[in-house]
Amino acid sequence: MIVMKFGGSSLANAAKILSAAKIVKGRLRRQPVVVVSATGGTTNRLEKLGEAAARGTWKKQFVEIVANHDAIAVKLGLEDRLLTGETADLRRIAGRIAKSRKLTEASRARLLSFGERCSTKLLSGTLRSLGVESSANNSFELGMLTDTDHREAKILPEAFKLLSASISKLPGVPVITGFLGRTKGGQVTTLGRGGSDVSASIIGAALGVKEIEIWTDVSGVMTADPRVVSGAWPVRKLSFSEAAELAYFGAKVLHPRTIAPAIKKSIPVRVLNTFNPEDRGTVIVSKSRETGIIAKAIAHKKGITAVNINSLRMLEAHGFLARVFKVFDRYNVSVDMITTSEVSISLTVDDTRNLKPAVKELEEFASVSVLPRRAIVCVVGEGMKRVRAMAGRIFSCLGREDINIEMISQGASEINVSFLVHEREVKASVRALHRDFFGK
Ligand code: ADP
Ligand code: ASP
Ligand code: MG
């Protein structure tokens with residue numbers, strides 16, 4: 001068995017859905033279980049619909065989303081009433097949000113579920129039209145149990161057994177909604193934006209599949225974000241740790257939580273291109289071969305906030321770090337990067353929702369400055385363990401470009417060096433490092 005996950009970019013219109021279906025048909029011997037995202041752009045449109053509904057006007061967005069899906073179904077020659085149930089549900093929820101003028105996290109998740117529920121029907125309908133037995137399934141009915149964080153839900157341990165029992169009973173090629181789960185109380189949840197990758201690896205681990213394939217619009221994990229470095233190329237092989245670091249530090253091609261379930265069961269993850277299915281793509285395995293290459297890829301993440309905390313009281317005192325982190329813990333603020341000196345701590349925060357009250361509390365015993373619009377750049381590679389002075393090489397490379405590094409940190413795993421720059425210097429940083437490590 002294998003899992004094949006198709007992202008929204010691979011399903012953005014009728015022609016693309018047909019290509020995806022043909023790729024699945026070509027792999028029937030490997031007993032594929034298919035996981036899908038919403039068709040490209042749909043989740044963003046649904047987010048807008050939710051916001052509009054909360055302001056009381058939603059008809060225009062509703063009509064556009066539904067018309068777009070109906071047009072795809074018609075082009076694919078699928079039955080007329082294929083999406084009637086989903087459409088009625090969307091109308092009901094949007095209407096309810098508009099009436100109460102309130103978009104709760106639960107109704108947002110329910111609203112967004114329209115995207116994946118429709119795309120499973122579109123793809124499995126297309127598979128049937130190609131003569132392949134297939135069914136559309138909601139992951140939340142198959143046992144994808146989560147906690148009650150409707151936006152960034154985490155999978156509960158009991159989900160694995162439930163998923164394995166229910167999916168293995170399904171005949172033909174099951175097409176399953178990515179991104180969605182449900183609470184024990186039966187409410188729909190979402191696994192965070194880009195979360196269909198996570199669904200795929202959870203389902204792969206639950207079934208103990210041979211391989212998890214992530215089908216997307218590029219030919220693998222590339223040496224850098226191809227939107228920033230036009231000359232980036234696909235990396236053939238990555239270790240789980242390398243891929244996890246790259247995903248965590250912004251390589252959008254994989255959601256950061258994709259790798260953990262695959263590691264547990266040692267299932268290879270392969271990233272492949274729907275539009276060039278013959279390309280080899282990237283394979284992610286427990287150990288990647290030492291190739292003599294130092295750095296494998298560069299990732300970057302914008303929208304980072306740096307927090308500098310200074311206190312003279314820290315001099316020769318103990319317990320200061322504990323005190324600071326207790327505050328972050330209490331406000332549920334998660335910290336990415338951290339450096340300390342005798343009298344100061346610098347750290348970075350990605351999600352700033354609860355940062356304000358945390359800073360207020362820190363200011364009771366330290367002076368705090370908050371610097372928004374920062375970016376983390378991260379160079380990753382198992383080969384870096386062997387090389388000394390990586391930080392020095394990065395400093396001098398960026399120094400030549402006159403780029404100011406605000407923080408630098410090397411992970412304990414020694415396979416990454418990450419540093420912080422101002423957002424306006426992130427592109428120049430990634431390009432300069434790509435030239436330095438990978439040549440032209
Ligand atoms: P999908 O719709 O298949 O989930 P995503 O848009 O989430 O696709 O992810 C694929 C995109 O990730 C690529 O088109 C590319 O722009 C971006 N990306 C960022 N960093 C990398 C990287 N290092 N390698 C490959 N793609 C990357
Ligand atoms: N459709 C969801 C999103 O756009 C999940 C995914 O694409 O993985 O975030
Ligand atoms: Mg994605």
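**Ligand Shells, Cysteines and Aromatic Pairs**

Guide: An oxygen atom of ligand 1 is placed 3.2 Å from a polar backbone atom of Gly8. The model is a predicted one.

Visitor: What makes the approach of Gly8 to ligand 1 a polar contact?

Guide: The cut-off for a pair of N or O atoms is 3.5 Å. Gly8 and ligand 1 are 3.2 Å apart at these atoms, and the pair therefore counts as a polar contact. The side chain of Asp217 has an N or O atom 2.8 Å from an oxygen atom of ligand 1. At Met222, a backbone N or O atom lies 2.8 Å from a nitrogen atom of ligand 1. The protein covers 89% of the 570 Å² of accessible area that ligand 1 has on its own.

Visitor: Which residues are the closest to ligand 1, and how many surround it?

Guide: Ligand 1 is surrounded by 18 residues, the closest being Ser9, Thr216, Asp217, Met222 and Lys252. The shell is made up of 8 nonpolar, 5 polar and 5 charged residues.

Visitor: Why does Glu116 count as a polar contact of ligand 2?

Guide: An N or O atom in the side chain of Glu116 is 2.7 Å from a nitrogen atom of ligand 2. Since the limit is 3.5 Å, this pair qualifies. Ser196 offers a polar backbone atom 3.0 Å from an oxygen atom of ligand 2, and Gly195 has a backbone N or O atom 3.4 Å from an oxygen atom of ligand 2. Of the 270 Å² of accessible area that ligand 2 has on its own, the protein covers 86%.

Visitor: How do the residues around ligand 2 divide by class?

Guide: There are 2 nonpolar, 5 polar and 2 charged residues in this shell. Among its members are Ser37, Thr43, Phe179 and Arg193.

Visitor: How do you know that Cys378 forms no disulfide?

Guide: The closest cysteine sulfur, in Cys397, is 15 Å from the sulfur of Cys378. A disulfide requires sulfur atoms within 2.5 Å, so this distance is too far for a bond. The structure as a whole holds 0 disulfides.

Visitor: Why are Cys378 and Cys118 called buried?

Guide: Buried means under 20% relative accessible area. Cys378 has 0%, and Cys118 likewise has 0%, so both are buried.

Visitor: Why is the pair of Phe6 and Trp215 called stacked?

Guide: The count of aromatic pairs comes to 6. In the pair of Phe6 and Trp215, the ring centres are 5.9 Å apart and the planes meet at 20°. The limits are 6.5 Å for the centres and under 30 degrees for stacking, and the pair is therefore stacked. Phe6 lies in strand β1 (residues 2-6) and Trp215 in strand β7 (residues 211-216), so the pair ties together parts 209 residues apart in sequence. Phe6 is buried at 0% relative accessible area, and Trp215 is buried at 0% as well.

Visitor: What makes the pair of Trp233 and Phe438 edge-to-face?

Guide: The planes of these rings stand at 90°, with the centres of Trp233 and Phe438 5.7 Å apart. An angle over 60 degrees counts as edge-to-face, so the pair receives that name. Trp233 belongs to the loop between β7 and β8 (237-239) and Phe438 to helix α13 (residues 426-438), so the pair ties together parts that are 205 residues apart in sequence.

Visitor: How do you know whether Trp233 and Phe438 are buried or partly exposed?

Guide: Phe438, with 14%, falls under the 20% limit and is therefore buried. Trp233, with 35%, lies between 20% and 50% and is therefore partly exposed.

Technical notes: Residues are numbered from 1 along each chain as its sequence is written. Chains are lettered from A and ligands numbered from 1 in the order in which they are written. This is a predicted model: local features need pLDDT of at least 70, side-chain atom pairs count only at pLDDT 80 or more; totals for chains, interfaces and linings use all residues. Side-chain values use heavy atoms; hydrogens and water are left out. A residue is near a molecule or strand if one of its heavy atoms lies within 4 Å of it. A polar contact is a pair of N or O atoms within 3.5 Å; within protein, one must be able to donate a hydrogen and the other to accept it, and residues adjacent in sequence count only if both atoms are side-chain atoms. Accessible areas come from the Shrake-Rupley method with a 1.4 Å probe; for residues, only the protein chains shown count as cover. Ala, Val, Leu, Ile, Met, Phe, Trp, Tyr, Cys and Pro count as nonpolar, Asp, Glu, Lys and Arg as charged, and the others, Gly among them, as polar. Buried means under 20% relative accessible area, exposed over 50%, partly exposed in between (1.4 Å probe, protein chains only). Helices (H or I, at least four residues) and strands (E, at least two) are DSSP runs, numbered from the N terminus.
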